[in-house]
Amino acid sequence: MLYQKQDLRRMLAPLVVEQVLAMLVGMVDTMMVSSAGEAAVSGVALVDMVNYLIITVMAALTTGGAVVIS
């Protein structure tokens, strides 16, 4: 067996933390502008989706680069 379960859990933990923090950023942004009205919440939601898309594309590029380099 290449990896033990404990090793896999150690590698998985930072990924889970990253996803939780990315979701929290969107939630906190929405809560901060919720008093400004529906248009502001909609705008933040749209920008948050674009932000998440950019983060995902950059993560895919870094993963692909790491695979090519190794």
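These are my notebook entries on one protein chain and what I looked up in its structure.

**Entry 1: the model and its overall form**

I began by recording that the model is predicted. I then looked up the secondary structure and found 2 helices and 0 strands in the protein chain. The radius of gyration is 17 Å, whereas the globule rule gives 11 Å for 70 residues, so I noted the chain as more spread out than a compact globule. I also took down the box that the C-alpha atoms fill along the principal axes, which is roughly 55 × 25 × 10 Å.

**Entry 2: surface and burial**

What share of the 70 residues counts as buried? I found that the share is 3%. For the accessible surface of the chain I wrote down about 6000 Å². Carbon and sulfur atoms account for 74% of that surface.

**Entry 3: the largest pocket**

I next turned to the largest pocket, which holds about 170 Å³ of space. Which elements give two or more residues to its lining? I recorded helix H1 (5–33) and helix H2 (38–69). The lining residues I listed are Leu15, Glu18, Gln19, Ala22, Tyr52, Ile55, Thr56 and Ala59. Sorted by class, the lining has 5 nonpolar, 2 polar and 1 charged residues.

**Entry 4: the salt bridge**

I looked up the salt bridges of the whole structure, and the search finds 1. Its partners are the side chains of Arg10 and Asp7, with a distance of 3.5 Å from N to O. This satisfies the definition, because the nitrogen of an Arg side chain has to lie within 4 Å of a carboxyl oxygen of Asp or Glu.

Where do the two partners lie? I found both Arg10 and Asp7 in helix H1, 3 residues apart, which is about one turn of the helix. I then checked how far each is open to the surroundings. Arg10 has a relative accessible area of 53% and is therefore exposed, the cut-off being over 50%. Asp7 has 29% and is therefore partly exposed.

**Entry 5: Ala40 and Thr30**

My last lookup concerned Ala40, which I placed in helix H2. Is Ala40 buried, partly exposed or exposed? Its relative accessibility is 25%, so I entered Ala40 as partly exposed; a buried residue would have to be under 20%. I also looked up the separation between Ala40 and Thr30, which are 10 residues apart along the chain. Their C-alpha atoms are separated by 8.6 Å.

Conventions. Residues are numbered from 1 along each chain as its sequence is written. This is a predicted model: local features need pLDDT of at least 70, side-chain atom pairs count only at pLDDT 80 or more; totals for chains, interfaces and linings use all residues. Side-chain values use heavy atoms; hydrogens and water are left out. Helices (H or I, at least four residues) and strands (E, at least two) are DSSP runs, numbered from the N terminus. The radius of gyration is taken over C-alpha atoms; the globule rule is 2.2 Å times the number of residues to the power 0.38. Buried means under 20% relative accessible area, exposed over 50%, partly exposed in between (1.4 Å probe, protein chains only). Accessible areas come from the Shrake-Rupley method with a 1.4 Å probe; for residues, only the protein chains shown count as cover. On a 1 Å grid over the protein atoms alone, a cavity is a set of points where a 1.4 Å probe fits but cannot get out, and a pocket is an open set with protein on both sides within 12 Å along at least five of seven lines; lining residues have an atom within 4 Å of a point. Grid points are joined across faces, edges and corners, and a volume is the space filled by probe spheres set on the points. Ala, Val, Leu, Ile, Met, Phe, Trp, Tyr, Cys and Pro count as nonpolar, Asp, Glu, Lys and Arg as charged, and the others, Gly among them, as polar.
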